[in-house]
Amino acid sequence: MANRTIVKIDEELCNGCGACISPCAEGALELVNGKARVIKEELCDGAGFCLGVCPTGALSLENREAQEFSEEAVKHFSLNRKQNYIPQKCMQCGTDEEEAYIMPVKHRGHALWVCTKCLPRLIHG
């Protein structure tokens with residue numbers, strides 16, 4: 001166990017939409033009984049890309065005692081899970097990841113998704 005940053009989910013605010021599931025590349029989040037849950041602490045890297053897509057603000061980051069993040073656990077888990085994701089869309093043009101490469105970008109605590117076509121416009125204004 002270590003004191004580290006990990007995702008916290010407010011069950012009262014979670015509406016079970018599942019938007020937070022696919023931004024978590026490590027697979028730490030799943031819908032369980034209609035609510036998002038961190039299924040294994042060692043899968044959560046604490047990067048927070050799931051936060052910005054939550055429409056209700058149910059996700060936050062907290063520093064607390066938790067199992068250490070494990071790349072090995074992520075590799076093992078990803079080999080044994082079925083792919084379950086909601087395609088993300090570029091916040092600028094609406095293109096989804098089925099049509100173009102979409103990248104997560106963090107700004108002021110929010111995770112945003114932007115396609116490679118719109119990224120230069122975001123950077124340079």
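# Reading a predicted chain, feature by feature

Modeller: Let us begin with a single residue: E26, whose relative accessibility is 16%, counts as buried. The model is a predicted one, in which local features need pLDDT of at least 70 and side-chain atom pairs count only at pLDDT 80 or more, while totals for chains, interfaces and linings use all residues. Residues are numbered from 1 along each chain as its sequence is written, and side-chain values use heavy atoms, with hydrogens and water left out.

Colleague: How is the word "buried" to be read, and where is the place of E26?

Modeller: Buried means under 20% relative accessible area, exposed means over 50%, and partly exposed lies in between, with a 1.4 Å probe and protein chains only. E26 belongs to the loop between β1 (2-9) and β2. Helices (H or I, at least four residues) and strands (E, at least two) are DSSP runs, numbered from the N terminus.

Colleague: Which residues is E26 in contact with, leaving aside its neighbours within four places in sequence?

Modeller: Contact means heavy atoms within 4.5 Å. With those neighbours set aside, the contacts of E26 are L43, D45, F69, V74, F77 and R81.

Colleague: V74 and F77 appear in that list. Which are the buried residues of helix α1?

Modeller: In α1, residues 71-80, the buried residues are A73, V74 and F77. They line one face of the helix, because they fall within an arc of 100 degrees when seen down its axis; the arc is that of the directions from the helix axis to the C-beta atoms. These buried residues pack against β2. On the other side of α1, the exposed residues are E72, K75, H76 and L79.

Colleague: In which sense do β2 and β3 pair, and over how many bridges?

Modeller: Two strands pair if DSSP finds at least two bridges between them. Here β2 (residues 29-32) and β3 (residues 35-38) are antiparallel, with four bridges. E30 stands opposite R37 in β3.

Colleague: What phi does N33 take in the hairpin of β2 and β3?

Modeller: The hairpin has two residues between the strands, and N33 takes a positive phi near 50 degrees. This is a positive value in a residue other than glycine. N33 is in the loop between the two strands and is exposed, with a relative accessible area of 75%.

Colleague: How should a buried strand residue such as L59 be read?

Modeller: L59 is placed in strand β4, residues 59-66, and has a relative accessible area of 8%, so it is buried. Not counting residues up to four places away in sequence, L59 touches V7, K8, I9, C20, L29, C50, L51 and C54. L122, 63 residues away along the chain, has its C-alpha atom 25 Å from that of L59.

Colleague: Is Y101 buried or exposed?

Modeller: Y101 counts as exposed, at 67% relative accessibility, and is found in the loop between α1 and β5 (102-107). Apart from neighbours within four places in sequence, Y101 is in contact with V114, C115 and T116. T116 is 15 residues from Y101 in sequence, and the C-alpha to C-alpha distance is 6.1 Å.

Colleague: How many disulfides does the structure hold?

Modeller: A disulfide is a pair of cysteine sulfur atoms within 2.5 Å, and the structure holds zero. For C17, the closest cysteine sulfur is in C54 at 6.1 Å, which is too far for a bond. For C118, the closest is in C115 at 3.7 Å, again too far for a bond. C17 is partly exposed, with a relative accessible area of 40%, whereas C118 is buried at 1%.

Colleague: What order do the elements of the chain run in, and what radius of gyration does the chain have?

Modeller: The chain has two helices and six strands, which run β-β-β-β-α-β-β-α from the N terminus on. The radius of gyration is taken over C-alpha atoms, and the globule rule is 2.2 Å times the number of residues to the power 0.38. For 125 residues a compact globule would have a radius near 14 Å, and the 15 Å of the chain agrees with this. The C-alpha trace spans about 45 × 30 × 25 Å along its principal axes.

Colleague: What share of the residues counts as buried, and what share of the contacts joins residues 24 or more positions apart?

Modeller: Of the 125 residues, 35% count as buried. Among contacts with a separation of 6 or more, 62% come from residues 24 or more positions apart.
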